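Please open the model in your viewer, with a cartoon display, and keep the selection tool at hand. We will go from one stop to the next, saying what to select and what is there.

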Amino acid sequence: MTGTEQGRAALDLAAAQQGLDAQPFSRLVQARITGFGDGAATLEIDIREELLQQHGFVHGGVLSYAADNTLTFAAATALGPAVVTGGFTIQYVRPARGRTLRARAEVVQAGRRQAVCRCELTVIDEAGAERVCAVAQGTVLPLNGAPDGGGARQDLAG
């Protein structure tokens, strides 16, 4: 088994949550990974007042954060844990109102140098109904060294 294959095999839901918890901003928004593996990832955030914009909707920056991280975690199932977002686009479909924001991403195509993923963001209301509020697509790249060029690995970078 190669080092990359070992890295992929060692990655599970608990390791993914540890990677998420290592990100200070993820702790700030209280994000959690609720699904991880087989080319997909799910991230959830309980919606609270601090995450809203002036009209009472979930702030677009929070939606973008959720899409970015979920795309990256889905790609990590194919590329291994040391990955970084190459870029993504997001389309806001409707205002996000509810009790929970859920982002589900899946790998569309993965090779050695990149993974292309798509993400659907939904809000769950008090009755448990789920509605799409945004969709995103992005490219995730393997990270071969620290952003400063120092060679240290950064796992599950968003």
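Begin by selecting Gln30, which is found in the loop between helix H3 (24–29) and E1; helices (H or I, at least four residues) and strands (E, at least two) are DSSP runs, numbered from the N terminus. Before going on, note that this is a predicted model, in which local features need pLDDT of at least 70 and side-chain atom pairs count only at pLDDT 80 or more, while totals for chains, interfaces and linings use all residues. Residues are numbered from 1 along each chain as its sequence is written, and side-chain values use heavy atoms, with hydrogens and water left out.

The phi of Gln30 is near 60°, a positive value in a residue other than glycine. Gln30 counts as partly exposed because its relative accessibility is 49%, where buried means under 20% relative accessible area, exposed over 50%, and partly exposed in between (1.4 Å probe, protein chains only).

Next, select strand E1 (32–37) together with strand E2 (residues 40–46). E1 and E2 pair in the antiparallel sense over 5 bridges, and two strands are said to pair if DSSP finds at least two bridges between them. Within this pair, Gly37 stands opposite Ala40 in E2.

Now pick Asp38, in the loop between E1 and E2. The hairpin of these strands has 2 residues between them, and there Asp38 takes a positive phi near 50°. Is Asp38 buried or exposed? Asp38 counts as exposed, because its relative accessibility is 86%.

Keep E2 in view and add strand E4 (residues 100–110), which runs antiparallel to E2 and is joined to it by 7 bridges. Across this pairing, Ala40 stands opposite Glu106 in E4, and Ile45 stands opposite Leu101 in E4. Of the 7 residues of E2, 5 are buried, so E2 is largely enclosed by the rest of the structure.

Widen the selection to the whole sheet, an open one of 6 strands in the order E1-E2-E4-E5-E6-E3, with antiparallel pairing. Its edge strands are E1 and E3 (83–92), each of which pairs on one side only. From one strand to the next, the twist averages 20°.

Finally, select helix H2 (residues 13–21), which packs on the sheet and touches E1 and E2, contact meaning heavy atoms within 4.5 Å. The direction of H2 makes about 135° with that of E1; axes are lines fitted to C-alpha atoms, for helices over the stretch in contact, and angles run from 0 to 180 degrees between N-to-C directions.
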